[in-house]
Amino acid sequence: MQKHTLLWFRQDLRLADHPALQAALQTECPILPIFILDDDDAETRRIGGAARWWLHESLTALDADLRVRGSRLLCFRGKAGDILQKLCNQYHVESVFWNRSYVPQVQKRDAAVKAALKQHNITAQSFASYLLFEPWQIKTGAGKPYRVFTPFSKACMAAEWTGAGQLFAAPEAVPAPQQFPAGTTIAELDLLPPKDWYKEMAQLWQPGENGAQSSWRGFLNGGIAAYQEQRDFPNTEGVSRLSPHLHWGEIAPARLRVDMAAATEKYPDRQARHYAFLRQVLWREFSYHLLDQLPDMAEKPLNENFTRMKWENDSALLTAWQQGKTGYPLVDAGMRQLWRTGWMHNRVRMIAASFLIKDLFIDWRIGEKYFWDTLLDADPANNAAGWQWVAGCGADAAPYFRIFNPVLQSKKFDAAGGYIRAFVPELANLPDKYLHAPWEAPDNVLEQAGLVLGKDYPYPVVDHAAARDKALAIYKHDIKQETA
Ligand code: FAD
């Protein structure tokens, strides 16, 4: 029987810059390209609702790209180790290749899979391509992992980087087996929800490698110019929106770095903007660096003193936050942007998260779970690190007394109110002066704007100044030892 090579796609849903695919091609055997949905057991975290929609679309795009090259994607659902073993037996597979995941629970499973395959004399090899550096690679002078971002990012910039060697054009053809094994269709993976709440998302996003590349090219030739100045303003095109593409590995971060280096060589005056963007991409590296140190980062605070915090977890307040009905327009705009588009601007993520934790006294882990289910880019490292950073219990923590003021932030970062008006249309007719705090508007202004507070739009669910004082007192009391 003819020998085959197995190519296991995971969070690397692309054909360009794909080291595992290159290794598979070099075997000169027919390739079985497979994807396994293996998130049903307690060990791996179940992919969230919005991300499932993205995955469905991204797999569909990958399958189409493979078909153009004479192949196709085979999908399976269940225990990865069992499925791989069965395919290896059936198809006389000599080698299995994949790109590494850095999610600790997945790494554990992958190590077991590798060992089992090797026991059956099958070559099992994984490659680095999800990050610019292995999460354990960058170390302090004392050989320890970093806990603070700025020195970590400087060390990354100074480190030797070999990633450019991982970049390859997508192949023109992918050799196919004479007969494909029976698998599950993408639809049978059951990734789509019964109700089509994703319709607006489908208009806004193009999951898959082509979408990733066109977003990146558009940004590199356009938006990146204003990145430094605009990245904090949610009503601008100031950011790349590459996060779901990066999460699903539809574009390699090495590609971003190499393209920016080439552009800087051509246009040296663009160096600062490229550096500003690369620095932000390094936050992603830092999150994985932290996850490598704390595998349970979505559950356990990096600062253990925070386990003493007594949260109030009021369910009515949680619902108001989730539905974008807190009475604080910028928080509400962010939460509604998340619900409608599956994405939220980074500045607003920080403000909305701070509001949940420090104004509503709801456990940051509850917020992390909600984002996990609703974000298209829901990522085990970035999401947990983001929530811990805002709560003040993570690495590089914003000190706990730094509490985002939702009104001042709104006046500063959405001064003309374009973002609020886009997502909270009931406030659209309020003059800018009152848009950030509608409860301060005189009756005649409300009337002219056709707005009845408490009916069309809620009064604030809490008073920020009082909540801030309370948060400071609670934080000081519950994590006193840390500050003593
Ligand atoms: P850009 O500004 O264009 O940045 C480019 C890329 O750099 C991003 O796509 C992302 O991969 C990376 N990046 C940028 N900022 C950060 C950051 N602060 N931390 C880590 N990586 C960063 N990001 C996720 O990808 N998934 C998450 O689940 C996630 N959850 C978050 C939760 C909270 C509470 C907070 C405060 C932040 C979270 N972030 C998360 C980080 C950040 O908000 C998003 O990466 C960013 O908004 C994505 O938009 P963009 O692609 O336009 O970013």
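**View 1. Two cavities of 30 Å³ or more are counted in this predicted model.** The largest cavity holds about 80 Å³ of space. Its lining includes Arg 10, Gln 11 and Asp 12. Asn 99, Arg 100, Ser 101, Tyr 102 and Val 103 also line the largest cavity. Ser 129, Tyr 130 and Tyr 288 complete the list. By class, this lining has four nonpolar, four polar and three charged residues.

**View 2. The second largest cavity has a volume of about 40 Å³.** Leu 131, Phe 133, Glu 134, Pro 135 and Ile 138 are among the residues of its lining. Phe 152, Glu 285 and His 289 line the second largest cavity too. Five of the lining residues are nonpolar, one is polar and two are charged.

**View 3. The largest pocket has a volume of about 1,300 Å³.** Its lining counts 47 residues. Nearest the centre lie Gln 280, Trp 283, Asn 346, Arg 349 and Asn 382. Five elements should be picked out here: H5, helix H9 (243-247), helix H11 (271-293), helix H14 (346-359) and helix H16 (380-391) each give two or more residues to the lining. H11 gives the most, with 10 residues. By class, the lining of the largest pocket has 24 nonpolar, 13 polar and 10 charged residues.

**View 4. The second largest pocket has a volume of about 690 Å³.** Here 34 residues form the lining. Thr 44, Arg 45, Val 103, Val 106 and Trp 372 are the closest to the centre of this pocket. Strand S1 (4-9) and strand S2 (31-37) are among the elements that give two or more residues to the lining. Helix H2 (49-68), H4 and helix H15 (364-374) do so as well. By class, the lining has 19 nonpolar, six polar and nine charged residues. Val 103 appears in the lining of the largest cavity and in that of the second largest pocket.

**View 5. The ligand has 28 residues around it.** Tyr 227, Ser 240, Arg 241, Asn 346 and Asp 377 come nearest. Asn 346 is also one of the residues nearest the centre of the largest pocket.

**View 6. Polar atoms of Ser 243, Arg 349 and Asp 377 lie at short range from ligand atoms: 3.0 Å for Ser 243, 3.4 Å for Arg 349 and 2.9 Å for Asp 377.** For Ser 243, the pair is a polar backbone atom and an oxygen atom of the ligand. For Arg 349, a polar side-chain atom faces an oxygen atom of the ligand. For Asp 377, a polar backbone atom pairs with a nitrogen atom of the ligand. Taken alone, the ligand exposes 820 Å², and the protein buries 95% of that. Arg 349 also belongs to the residues nearest the centre of the largest pocket.

**View 7. The side chains of Ser 410 and His 436 are joined by a polar contact of 2.6 Å.** Ser 410 is found in helix H17 (residues 406-413). Ser 410 counts as buried because its relative accessibility is 0%, and the cut-off for buried is under 20%.

**View 8. Asn 121 has a positive phi of about 60 degrees, although it is not a glycine.** The residue lies in the loop between helix H4 (104-119) and strand S5 (123-127). Its relative accessibility is 72%, so Asn 121 counts as exposed.

**View 9. Asp 190 has a positive phi of about 65 degrees, and it is not a glycine either.** Its loop runs between helix H5 (149-158) and helix H6 (199-204). Asp 190 is exposed, with a relative accessible area of 54%. The cut-off for exposed is over 50%.

**View 10. Gln 323 and Arg 336 are 6.8 Å apart in space, C-alpha to C-alpha.** In sequence, 13 residues separate the two. Gln 323 is found in the loop between helix H12 (315-322) and helix H13 (329-341). With a relative accessible area of 46%, Gln 323 is partly exposed.

Key. Residues are numbered from 1 along each chain as its sequence is written. This is a predicted model: local features need pLDDT of at least 70, side-chain atom pairs count only at pLDDT 80 or more; totals for chains, interfaces and linings use all residues. Side-chain values use heavy atoms; hydrogens and water are left out. Helices (H or I, at least four residues) and strands (E, at least two) are DSSP runs, numbered from the N terminus. Buried means under 20% relative accessible area, exposed over 50%, partly exposed in between (1.4 Å probe, protein chains only). On a 1 Å grid over the protein atoms alone, a cavity is a set of points where a 1.4 Å probe fits but cannot get out, and a pocket is an open set with protein on both sides within 12 Å along at least five of seven lines; lining residues have an atom within 4 Å of a point. Grid points are joined across faces, edges and corners, and a volume is the space filled by probe spheres set on the points. Ala, Val, Leu, Ile, Met, Phe, Trp, Tyr, Cys and Pro count as nonpolar, Asp, Glu, Lys and Arg as charged, and the others, Gly among them, as polar. A residue is near a molecule or strand if one of its heavy atoms lies within 4 Å of it. A polar contact is a pair of N or O atoms within 3.5 Å; within protein, one must be able to donate a hydrogen and the other to accept it, and residues adjacent in sequence count only if both atoms are side-chain atoms. Accessible areas come from the Shrake-Rupley method with a 1.4 Å probe; for residues, only the protein chains shown count as cover.
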